[in-house]
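I am opening a fresh notebook page for this complex. I want to look up the confidence first, then the interface, and after that some individual contacts and backbone features.

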Amino acid sequence: MKTIGEIAQKVRSKNAGPFWVTIDVFCGSADAYATLTAALKTADIAALYHQPTQVLKRFDIPDLNVIKISFPRPVVQGHRRDRDMHGAQWAVLLAELRLSES
Amino acid sequence: MPTRILIPSGVLCLGFDRDALARGVAAKPDLIAIDGGSTDSGPFSLGSGTSKYARSVTKSEWRELMLARAEAGVPLVIGTSGTCGADSCVDWMYQITCELAAELGQSLRVARLYSGQPKARVTEALADGRITALTPAPDISAGTIAQMTNIVALAGAEQIQAALATGADIVIAGRTTDTAIIAALPLARGDNPGAAWHGAKIGECGALCSTNPTSGVIQVDFDETGFTVEPLATGARCTPHSVSAHMLYENSDPFVLYEPGGHLDVTRSRYQALDDRRVRVTGSEWVPGRYTVKLEGARTAGFQTTLIAILRDAHYVANAQAWADKLHGFLTTLVHKRMGLAAETYDLDFRLMGQNGTLGTMENRQGTPVEIAVLLIITAADGDTAAEIGKLANPHLLHYPLTEDEELPTFAFPYSPAQSDRGALYEFALNHVMALDDPMSAFVLDVTEVTP
């Protein structure tokens, strides 16, 4: 199976204020949106970011063919353990996620 | 009353298309609004009360906007001056404005809106139960508030309206919400409140809501039923998709935006292409609520020294994590022996750049890099201690062997001295809102006639 990044037009992430990070999956077409909303399990995304599933907010937005996932940053922006001040490279993990055959 | 707001770019210092700005001025806006910052770059700006942008760039772009204002004959408003909107940054922006007024021969009424919060006010509000934690929020107490170097409250439309009501030519605002500087005038003139806030959110990043994000300049027309957004650079277009997608940006919930005194709900917004460049939006709702302002605060979280050693030897590259772990233990013992410091009073953080420097334990890919830069970040209670630990660590970072029965290795230091003393580390220490009975009670407005 393909990765999310291969199916979607663009996957990006960014802080939503210092305490949250938000990831936008721009599917690019209704077909890709249908494929990704069906295949992408919230629990898998949570596992990817080492988060409990219940802290993730997920918005499936058919008008935009976008899947949006937001969750509190496990390390607050700028804390001495923060490795990515803008949270912008976090998207890569999701883009590289390979959808399972199911 | 229809209101036209000209927005030169998403933030001062990001650059804008000059021709587009000239078109915007010729289109007779009612106000020119530009953002001066955000929390985007981290806590340092707020912690230190300084701008992250170069003064020279700030001044040269502000000069062009002051000239545009003079030509348009309408107010020019900057929000969140100097990146963080602390009082010191309002003063910095005011100083630049005074210099430019003299250089350009402009006589101006300048309103300064200060958003800085005295610790006593915040402590009192906490004791009175007027401070509410957002999710997730750090724990706060009178003690943690006392440690903060700067606390600001995010002004909303009311405070900007108060500044405009002074007849100011230029408003230099401290921390505001990104949207308030755009929404204030349409709201004051009775335009649709849902449209005012939604149009402000769409416009706050300049042309980021268009197909040509770097062109900067856009204008937003507000009226009684909705708003229309139009990019002004040649070739830039707004489409229903580019406009509606902008609510996703840096926003954890794409349908709701909290502001002082209520929230915007765009669940039922309708986006319509007027032509191939302009988009009309209606149906956005403003839901009034309790009057609260968001607080931002930063405190010192130690002082840092960093060192970088580069491992190029393949054996060390392959065993970098084990090497760093072993060295960590060795240094902990040595710091205790030589400096008498317990491990919990300072922090050593080894980052393996090239292996998992960006994602740390979340990294799920493995490869064989050519080399690994080992970044050692030392955080201690004061700068002298961090620097001393850095000097203590230096020879070991350079020569530490994986095993005892091998010749001493020597790794690569990229520069001399190997250590960089970074000064204070700041951290965001507030994610709270403060309830106000009077919106101006936590803000200070100062009006000055500036003459060349």
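**Confidence.** I started with chain A, where the pLDDT (the predictor's confidence in each residue, from 0 to 100) averages 96, and 98% of the residues score at least 70. Within chain A, I found confidence lowest in strand E1 (residues 10–15), at a mean of 96, and highest in H4(A), at 98; helices (H or I, at least four residues) and strands (E, at least two) are DSSP runs, numbered from the N terminus. For chain B, I noted an average pLDDT of 97, with 100% of the residues scoring at least 70. For the complex, the predictor gives an ipTM of 0.96 and a pTM of 0.96.

**Conventions.** I keep in mind that this is a predicted model, in which local features need pLDDT of at least 70 and side-chain atom pairs count only at pLDDT 80 or more, whereas totals for chains, interfaces and linings use all residues. Residues are numbered from 1 along each chain as its sequence is written, chains are lettered from A and ligands numbered from 1 in the order in which they are written, and side-chain values use heavy atoms, with hydrogens and water left out.

**Interface.** I looked up the contacts (heavy atoms within 4.5 Å) and found 40 residues of chain B touching 37 residues of chain A. The two chains bury about 3,300 Å² between them, 59% of it on carbon and sulfur atoms, where buried area is the accessible area (1.4 Å probe) that two parts lose on being put together, summed over both. On the chain B side, B:Leu248, B:Ser252 and B:Met362 lose the most area to chain A, together 20% of what that side buries.

I then turned to salt bridges (a side-chain nitrogen of Lys or Arg within 4 Å of a carboxyl oxygen of Asp or Glu), of which 6 cross the interface of chain B and chain A. In a salt bridge between A:Arg81 and B:Asp349, N and O are 3.4 Å apart.

Polar contacts are pairs of N or O atoms within 3.5 Å; within protein, one must be able to donate a hydrogen and the other to accept it, and residues adjacent in sequence count only if both atoms are side-chain atoms. Across this interface I count 18 residue pairs in polar contact, both residues at pLDDT 80 or more. Helix H10 (240–245), strand E16 (347–353) and strand E18 (419–428) of chain B each supply at least two residues of the side that touches chain A.

**Salt bridges overall.** Over all chains the count comes to 30 salt bridges. I looked up B:Glu103 and B:Lys59, whose closest N and O atoms are 2.7 Å apart in a salt bridge. B:Glu103 lies in helix H4 (residues 87–104) of chain B and B:Lys59 in helix H3 (residues 55–72) of chain B, so this pair ties together parts that are 44 residues apart in sequence.

**Backbone features.** In chain B, I noted a cis peptide bond joining B:Thr135 and B:Pro136, with omega about -10°; B:Pro136 lies in the loop between strand E5 (131–133) and helix H6 (142–147). Another cis peptide bond joins B:Ser416 and B:Pro417, with omega about 0°, and B:Pro417 lies in the loop between helix H13 (383–399) and E18 of chain B.
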